[in-house]
Structure formats: structure tokens, C-alpha cells
Amino acid sequence: MIKTVISIALRLMIICLVAAGALAYVNGITAPQVAASKAQAELDALSVINQAGTIGKKVEGDGAGVNYYFPVTDNGTVTNYILSLKSQGYGGDLIILANFKANGEIIDAKLMEDAETPGLGKKAEESWYMNKFKGTGASTPVPVKKTMLAAADADVISGATITFTGVSKALEYGSDFAKKLGGQQ
């Protein structure tokens, strides 16, 4: 009996070692391709959300809600900032790339990474979803509650309130961060 248990345990251990080795090998081959794909997605998103100006060099963020940012200049003057923001959604981390004027106004935003629920939270990946935030952050506050939205927009987020809260809190934080950066000029 003990020999049988030991034999089965050794076989399982060998199977696990082989599987772990195979997974590590495949990861080693695909990791550079995944990184290149992420970098290309970021470049594509930068070109979509940047309306005008020259994107500067990447600067490390504050580690709290801003991963990193790019100053955007026009004729040598910083006019806006593109921020990589991190927040929590229903399915985990949300990574948002957003363009802010120096006064904190949201120009555009794109959800880059998420693990939200298909059909509900995944709506935040679509470009029209971010339209409710455009133009807010300066004189108009970023809508962080359902009651701050128009009825049609509030209906869209029904069933995905946690996703909306994660996106809106990240954008509100980014707006405040851009205002601080804009004040340093």
C-alpha cells in the first residue's frame, strides 16, 4: 500500500515537473511577443488619444494611481499630459491611458487592460464609453457617481457600477495629477 502511494506521488511529481518546465519554455518564447504586442497597443492608443502636439519622454508616475506619464508639447510649451492610470474594477486592475489638459480637463481616454465581466464591464473598452468623461475635470467635476451622469449614460453603466467607479476614480485622480503638473510649469 505504501509503495503504491509513493509510486503514484513520484509519478505525479514527474508530471508536474515536466508540465512546469514546458510552461516555462513556452513563456520564454512568447514573453517577448507579448511585450511587443503591449508596446504596439500603447503606441496605437497614444496616437488615438493625442489630438495634437509632440509626445515627450516617459516619466515615472507617483506609484499611487499614475504608473507613468508623457508630457505633450506644442511649440516647446507643455499643453497636456498623457497618463497611464491604475485603478480597481470588478475583475481586478484597470489600466487606463488618458490625455489631460494642464488644467485637468479630460481630452480623451482608453481602457488598455482589464478583466471585467463580458457584456457589462467590458463596455468600458469601447471608445464611446469614455465620451461621458470628456470635457470634465477642470470646471466640471469628473462624474464619479451614477447620479452625476445623464439618464442615458447612467443606464449604460447599470450592472457595471464597480467598473464605472474604478474608471471614474482613476480619471478623477489623473485630473488632479495633471493639475499639479500643470501648476509646476
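# Salt bridges, domains and buried residues

K122 counts as partly exposed, at 26% relative accessibility (partly exposed lies between buried, under 20% relative accessible area, and exposed, over 50%, with a 1.4 Å probe and protein chains only). This is a predicted model, where local features need pLDDT of at least 70, side-chain atom pairs count only at pLDDT 80 or more, and totals for chains, interfaces and linings use all residues. Residues are numbered from 1 along each chain as its sequence is written, and side-chain values use heavy atoms, with hydrogens and water left out.

## Exercise 1: The salt bridges

**Task.** Find the salt-bridge partner of E125, and state which residues are linked with E125 in a network.

**Solution.**

Step 1. Fix the rule. A salt bridge is a side-chain nitrogen of Lys or Arg within 4 Å of a carboxyl oxygen of Asp or Glu.

Step 2. Apply the rule to E125. E125 forms a salt bridge with K122, and their closest N and O atoms are 3.2 Å apart.

Step 3. Check the surroundings of E125. Its relative accessible area is 34%, so E125 is partly exposed.

Step 4. Widen the view. D114, K122 and E125 are linked in a network of salt bridges.

Step 5. Look at other pairs. D93 and K86 meet through their side chains in a salt bridge, 3.5 Å from N to O. D93 is partly exposed at 36%, and K86 is partly exposed at 40%. K101 and E105 also form a salt bridge, at 3.7 Å from N to O. K101 has 35% relative accessibility and is partly exposed. E105 has 21%, so it is partly exposed.

Step 6. Give the total. The whole structure holds six salt bridges.

## Exercise 2: Two domains and their interface

**Task.** Describe how domain 1 and domain 2 meet: how many residues are in contact, and what area is buried?

**Solution.**

Step 1. Set the bounds. Domain 1 covers 1-49 and domain 2 covers 54-181; such bounds come from an automatic or database domain assignment.

Step 2. Take the distance. The centres of the two domains, taken over C-alpha atoms, are 32 Å apart.

Step 3. Count the contacts (heavy atoms within 4.5 Å). Seven residues of domain 1 touch 14 residues of domain 2.

Step 4. Find the area. The size of an interface is often given as the accessible area lost when the parts come together. Buried area is what two parts lose on being put together, with a 1.4 Å probe, summed over both. Between domain 1 and domain 2 the figure is about 790 Å², and carbon and sulfur atoms give 68% of it.

Step 5. Find the main contributors. E42, L46 and I49 supply 74% of the area that domain 1 buries against domain 2, more than any other three residues.

Step 6. Search for charged pairs. The rule finds one salt bridge across this interface. K38 forms a salt bridge with E113, with 3.4 Å between the closest N and O atoms.

## Exercise 3: Buried residues in helix α3

**Task.** Are A170 and S175 buried or exposed, and which residues do they touch?

**Solution.**

Step 1. Locate A170. Helix α3 spans residues 161-183 and contains A170. Helices (H or I, at least four residues) and strands (E, at least two) are DSSP runs, numbered from the N terminus.

Step 2. Read the accessibility. A170 has a relative accessible area of 4%, so A170 is buried.

Step 3. List its contacts. Beyond neighbours within four places in sequence, A170 touches L85, S87 and I96.

Step 4. Repeat for S175. S175 is also in helix α3. Its relative accessibility is 1%, so S175 is buried. Leaving out residues up to four places away in sequence, S175 is in contact with F100, G104, G137 and V142.

## Exercise 4: Two loop residues

**Task.** Place N75 and G65 in their loops, and say whether each is buried or exposed.

**Solution.**

Step 1. Take N75. N75 lies in the loop between β3 (66-74) and β4 (77-88). At 76% relative accessibility, N75 is exposed. Its phi is near 55 degrees, a positive value in a residue other than glycine.

Step 2. Take G65. G65 sits in the loop between β2 (59-60) and β3. With a relative accessible area of 7%, G65 is buried.

Step 3. Add the contacts. Not counting residues up to four places away in sequence, G65 touches S84, L85, K86 and Y173.
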